[in-house]
Amino acid sequence: LDPNYAEAHWQLANLLVHLWAHRGVEFAADLDAALISARRAVDLDPNDSGAHTAMGYVLTNKREWDAARRSYDRALQLNPNDADAIADFAYFELVTGSPKECIADMTRAIRLNPFPPSWYFWVMGDAQFDLGQFGQAVETLQRRETYRTTSRKSLAAALAMLGRTDEAKEEAKGFLADNPEFRISHWLAQVPVRSQAVVQALADAYRLAGLPE
């Protein structure tokens, strides 16, 4: 109805990234379309921190690390108390190899938004996993705010690393009931993580939990 509404464009960009990342096969066109929407949002309202955050998220998934960092820096300069921008930047820190910093920033985001969306805890749990804090990751990923969402596959991985294989496989089954097209091979092709060692460690944990190749 309003083609010049910036937030509509950056919210669409976020949606398109999620479609690209979570469908069972690659949809490169979705990621390209997301970039177009994010650019349109920034052009329409260069002072909207949400637009720059969305741009950072798109560029992170395109593995354009330096450009993504600049977008997040601009978002946080415009609105340093934007909890979603801080949480999104925490995700960037996670995938670029700074899990401790990720946890610190995600903790700050949760303090600013005490009723956060489920993905805040998913990112926190993945950061704890990367640090080898598997017990803490399980506690985080079993929180009611995120349990039974897509983060369930991370919970399955953390349980597997603790040797709680039966529980891990049950969580993996629950995840697959909602995400039947998930394959580790597709996830490996899509996930924007800079360190291949980190990616392989998580993939190995998925395998221990019984997720399909």
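The largest nonpolar core has 66 residues, and among these Val58, Met106, Tyr120, Trp187 and Tyr206 touch the most other members; a nonpolar core is here a set of buried Ala, Val, Leu, Ile, Met, Phe, Trp, Tyr and Cys residues joined through side-chain atoms within 4.5 Å. Helix α5, residues 83-95, gives the most to this core, with nine residues. The model is a predicted one, in which local features need pLDDT of at least 70 and side-chain atom pairs count only at pLDDT 80 or more, whereas totals for chains, interfaces and linings use all residues. Residues are numbered from 1 along each chain as its sequence is written, and side-chain values use heavy atoms, with hydrogens and water left out.

Tyr120 may serve as a point of entry: leaving aside its neighbours within four places in sequence, Tyr120 is in contact with Ala83, Asp84, Ala87, Met106, Ala109, Ile110 and Asn113, where contact means heavy atoms within 4.5 Å.

Helix α3 has 13 residues and reaches 19 Å from its first C-alpha to its last, close to the 18 Å expected at 1.5 Å a residue, the expected span being 1.5 Å times one less than the number of residues. Helices are DSSP runs of H or I with at least four residues, numbered from the N terminus. At the start of α3, a side-chain oxygen of Asp48 lies within 2.8 Å of the backbone nitrogen of Gly50. The helix is mostly covered, with 13 of its 13 residues buried; buried means under 20% relative accessible area, exposed over 50%, and partly exposed in between, with a 1.4 Å probe and protein chains only.

After α3 comes Arg63, whose phi is positive, about 65°, although Arg63 is not a glycine. This residue is in the loop between α3 (49-61) and α4 (65-78), and it counts as partly exposed because its relative accessibility is 34%. A second arginine, Arg148, has a positive phi of about 75° and is likewise not a glycine. Arg148 is placed in the loop between α8 (134-141) and α9 (152-161), and it counts as exposed because its relative accessible area is 55%.

Beyond that loop, nine of the 10 residues of α9 are buried, so this helix is largely enclosed by the rest of the structure. The buried residues of α9 include Arg152 and Lys153 as well as Leu155 and Leu159. Their cover includes α7 (118-130), α8, α10 (165-178), α11 (184-190) and α12 (196-208). Helix α9 is followed by Gly163, whose phi is positive, near 80°.

Methods. Helices (H or I, at least four residues) and strands (E, at least two) are DSSP runs, numbered from the N terminus. A polar contact is a pair of N or O atoms within 3.5 Å; within protein, one must be able to donate a hydrogen and the other to accept it, and residues adjacent in sequence count only if both atoms are side-chain atoms.
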